[in-house]
Amino acid sequence: MTGFSDASLRERAAKVVPGGMYGHLNAALHGDAYPQFFVRGEGARQWDADGREYVDLMCSWGPMIVGHRNPRVEAAAAAQQALGDCLNGPGPVMVELAELLVDLIPSADWAMFSKNGTDATTQALMVARAATGRTKALVAHGAYHGADPWCTPGLSGTTPNQRADTVEFTYNDLASAEAAAEEAGDVAAILVTPFKHDSFEDQEFAEADFARGLRALADRIGAALVIDDVRAGWRLDLRGSWEPFGVRPDLTAWSKAMANGFPIAAVTGVDALRGPAQTLYSTGSFWFSATAMAAAKATIEILRETDGPALMERAGTRLREGLAAQAASHGFAIKQTGPVSIPWLSFADDPTLDKGMRWAAACLSEGVYLHPWHNWFLSTAHTDEEIDRALLGTDAAFAKLRAAFGAD
Ligand code: PMP
């Protein structure tokens with residue numbers, strides 16, 4: 001009917017795309033059971049190229065936050081698209097979106113726009129360097145800040161020089177950050193994610209003393225504190241993910257969920273960095289396209305009006321409690337870590353993630369798309385009914401795993 005299948009697309013892609021697919025969306029990294037190609041999304045569901053339907057607990061790795069094809073976001077984007085998307089300059093919507101961010105985010109006195117999270121973290125670092133005249137970026141070991149040479153976790157195609165100014169500390173270990181700052185000397189920025197969400201590992205909340213200590217350290221050494229809210233942003237606290245700690249960054253990088261899947265990123269910053277930000281030559285052919293900005297405005301307005309983070313917290317709590325009960329009833333010891341709306345599940349005594357991979361594959365075959373080594377994401381489209389549908393699949397997957405491993 002469709003004229004293609006996941007297998008046939010893979011075969012064709014292998015001839016015309018390096019490796020058939022590359023980067024984090026390469027299905028080969030996720031386990032044999034994972035489909036590579038997807039054709040449709042609606043609400044909390046996605047369909048792969050073989051027509052299989054899933055309750056989507058990955059939300060396209062974060063961008064989807066108010067449901068696939070959310071009618072209000074689609075209408076706002078379509079209205080702008082009908083007028084023009086990529087014009088000779090930004091549309092009025094850029095000003096409206098910047099005003100919305102400045103109104104919503106206490107640490108934002110201005111906003112600059114781009115396309116991807118990597119653009120935003122790199123641009124934030126450039127602002128910090130322009131402001132301080134210094135070079136070094138302090139980052140937590142294992143943290144992902146993007147795919148540019150200064151931060152990509154893979155070194156292929158990078159030069160040692162491009163990495164020389166990136167210095168590491170240990171997340172939640174303030175003394176290690178202080179020592180790294182001391183050793184580096186020339187620190188322009190401390191970049192930090194709001195919680196530790198490294199791949200292949202249990203997630204870890206930031207300790208309040210660590211968050212406050214980094215703020216104090218940045219102030220003491222005259223560096224910029226940059227929160228990389230690309231992954232967590234818009235799900236935990238619309239004002240910024242460390243606002244509950246009372247920790248306000250100098251700069252914040254935003255992207256992923258900002259426009260419900262339309263491509264856009266932003267850096268927001270404090271007044272003192274407005275001048276340095278203005279000095280950057282930082283731009284891109286598609287950075288000021290108006291459609292994604294209209295989608296961002298609609299997405300953020302929906303999240304604000306409906307208290308999106310509270311809705312996702314409710315969905316996440318239902319999922320977490322359901323999974324805990326299921327694991328116990330099937331006799332598995334599991335760990336559920338991170339915020340409930342950006343959850344992850346791992347099995348105790350599973351250092352190779354073998355159990356987790358098998359369970360995730362079983363979930364897939366039961367119509368639930370989640371991930372064996374990367375955190376998942378929920379959206380406001382995850383109603384009680386959608387979570388309950390997901391839990392039916394996860395329960396069957398635990399049963400399959402129990403059958404495979406035999407009784408304890
Ligand atoms: N920072 C964080 C915390 C991220 O999770 C990501 C993307 N996974 C990025 C930066 C880079 O964003 P992008 O892939 O849009 O360039």
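A residue counts as near a molecule when one of its heavy atoms lies within 4 Å of that molecule, and this rule guides the first stop of a tour through what is a predicted model.

Begin by selecting the ligand together with the residues that surround it, namely N116, G117, T118, Y144, H145, G146, T193, H197, D228, V230, R231 and K256. If you colour this shell by class, you will find 2 nonpolar, 7 polar and 3 charged residues.

Next, keep the ligand in view and show the side chain of T118, where an N or O atom is 2.6 Å from an oxygen atom of the ligand. Turn then to R231, whose side chain places an N or O atom 2.8 Å from a ligand oxygen atom, and afterwards to Y144, where it is a backbone N or O atom that lies 3.3 Å from a nitrogen atom of the ligand. With a surface displayed, consider that the ligand on its own has 390 Å² of accessible area, of which the protein covers 87%.

Now hide the ligand and select L97, L101, F113, W234, M258, I264 and I300, which have the most contacts inside the largest nonpolar core, a set of 34 residues. Among the elements that each supply at least two residues of this core are α2 (71-83), α3 (92-104), β4 (110-114) and α9 (290-306), and α9 gives the most, with 10 residues.

Which residues does L97 touch, leaving aside those up to four places away in sequence? Centre the view on L97 and you will find F113, M258, I264, M293, A296, K297 and I300.

Finally, select V55, A327, Y369 and L391, which are among the 33 residues of another core, lying apart from the one just visited.

Definitions and conventions. Residues numbered from 1 in each chain as written. Predicted model: local features only at pLDDT ≥ 70, side-chain atom pairs only at ≥ 80, totals over all residues. Heavy atoms only, no water. Core = buried A, V, L, I, M, F, W, Y, C linked by side-chain atoms within 4.5 Å. Buried < 20%, exposed > 50% of the residue type's maximum accessible area, 1.4 Å probe, protein only. Helix = DSSP H or I, 4+ residues; strand = E, 2+ residues; numbered from the N terminus. Contact = heavy atoms within 4.5 Å. Polar contact = N/O pair within 3.5 Å; in protein donor to acceptor, adjacent residues only side chain to side chain. Areas by Shrake-Rupley, 256 points an atom, 1.4 Å probe, with all protein chains shown as cover. Nonpolar A, V, L, I, M, F, W, Y, C, P; charged D, E, K, R; others polar.
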